[in-house]
Amino acid sequence: MKVQRPGVTAVFRSDVRNLRRISRLLDAFGVLGENSLLSAVDEFEHWTLRELDFEVEGRTADRLRRNAIPQEIVPVIYWELTTSKLLVMEFIEGGQPLYQYCDNRKLTISERLKLFSAVCD
């Protein structure tokens with residue numbers, strides 16, 4: 001379950017307003033040359049606001065699950081309980097992180113790369 005804190009969107013928008021002010025100033029001085037910091041802030045705002053809508057996140061999880069390979073596990077979203085501020089999904093018991101598996105078996109770099117390649121295939 002993922003619960004959004006009350007007021008987080010308003011705080012985020014306020015922070016972005018401040019970032020925009022700073023970005024305009026830095027762009028005016030050409031700090032990034034031809035690149036616009038303001039454009040980067042605009043893109044950051046767009047994608048982060050999408051992430052603040054848990055229904056969008058749930059749809060993304062559904063799409064990932066449909067396209068997942070057998071080695072990938074994506075939790076089921078319980079849509080009857082999910083809202084834009086509350087995301088309810090299947091609990092999935094975590095496994096051992098790959099780096100711990102490698103460390104415990106004292107795998108060499110070469111062996112780790114082969115394992116990683118096999119997992120990603």
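# Salt bridges and buried helix faces

The side chains of aspartate 62 and arginine 65 meet in a salt bridge, with 2.4 Å from N to O. That distance comes from a predicted model. Both residues sit in helix 3, three residues apart, which puts about one helical turn between them. An α-helix has 3.6 residues a turn, so residues three or four places apart point the same way. The two partners differ in cover. Aspartate 62 is buried, because its relative accessibility of 15% falls under the 20% limit. Arginine 65 is partly exposed at 29%.

Stay with helix 3, which covers residues 54–67. How far apart are its end C-alpha atoms? They are 20 Å apart. The 14 residues should span 20 Å at 1.5 Å a residue, so the two values agree. Aspartate 62 has company inside: the buried residues of this helix are Phe54, Val56, Gly58, Ala61 and Asp62. Their cover includes strand 1, helix 2 and strand 2, the last at residues 86–87.

Helix 3 also takes part in a salt bridge to a distant part of the chain. Glutamate 57 pairs with lysine 2 through their side chains, at 2.9 Å from N to O. Glutamate 57 belongs to helix 3, while lysine 2 belongs to strand 1 (residues 2–3). The two are 55 residues apart. Lysine 2 counts as partly exposed, at 33% relative accessibility.

Now turn to the link between helix 1 and helix 2. Aspartate 42 and arginine 20 join their side chains in a salt bridge of 2.8 Å, N to O. Aspartate 42 lies in helix 2 and arginine 20 in helix 1, so the pair ties together parts that are 22 residues apart in sequence. Which partner is buried? Arginine 20 is, with a relative accessible area of 17%. Aspartate 42 is partly exposed, with 34%. Side chains of opposite charge can pair when their charged atoms come close. Here the pairing extends to a third residue: Arg20, Asp42 and Glu45 are linked in a network of salt bridges. Across the whole structure, a search finds five salt bridges.

Glutamate 45 deserves its own look. This residue is found in helix 2, which runs over residues 37–51. Is glutamate 45 buried or exposed? It is buried, with a relative accessible area of 14%. Beyond its neighbours within four places in sequence, glutamate 45 is in contact with Phe12, Arg13, Val16 and Arg20.

Step back to helix 2 as a whole. Its 15 residues should span 21 Å at 1.5 Å a residue, and the end C-alpha atoms are 21 Å apart, which agrees. The buried residues of helix 2 are Val41, Glu45 and Thr48. Seen down the axis, these buried residues fall within an arc of 80°, so they line one face of the helix. They pack against helix 1.

Finally, the surface. Between helix 1 (8–28) and helix 2 there is a loop, and valine 31 has its place there. Valine 31 is exposed, with a relative accessible area of 51%; the limit for that class is over 50%. The residue is part of a nonpolar patch on the surface, formed by Leu25, Phe29, Val31 and Leu32. Together these residues have about 430 Å² of accessible area.

Technical notes:
Residues numbered from 1 in each chain as written. Predicted model: local features only at pLDDT ≥ 70, side-chain atom pairs only at ≥ 80, totals over all residues. Heavy atoms only, no water. Helix = DSSP H or I, 4+ residues; strand = E, 2+ residues; numbered from the N terminus. Buried < 20%, exposed > 50% of the residue type's maximum accessible area, 1.4 Å probe, protein only. Contact = heavy atoms within 4.5 Å. Patch = residues over 30% accessible without salt bridge, like charges linked within 9 Å, V, L, I, M, F, W, Y side chains within 5 Å. Areas by Shrake-Rupley, 256 points an atom, 1.4 Å probe, with all protein chains shown as cover. Salt bridge = Lys/Arg side-chain N within 4 Å of Asp/Glu carboxyl O. Expected span 1.5 Å × (residues − 1). Arc of directions from axis to C-beta.
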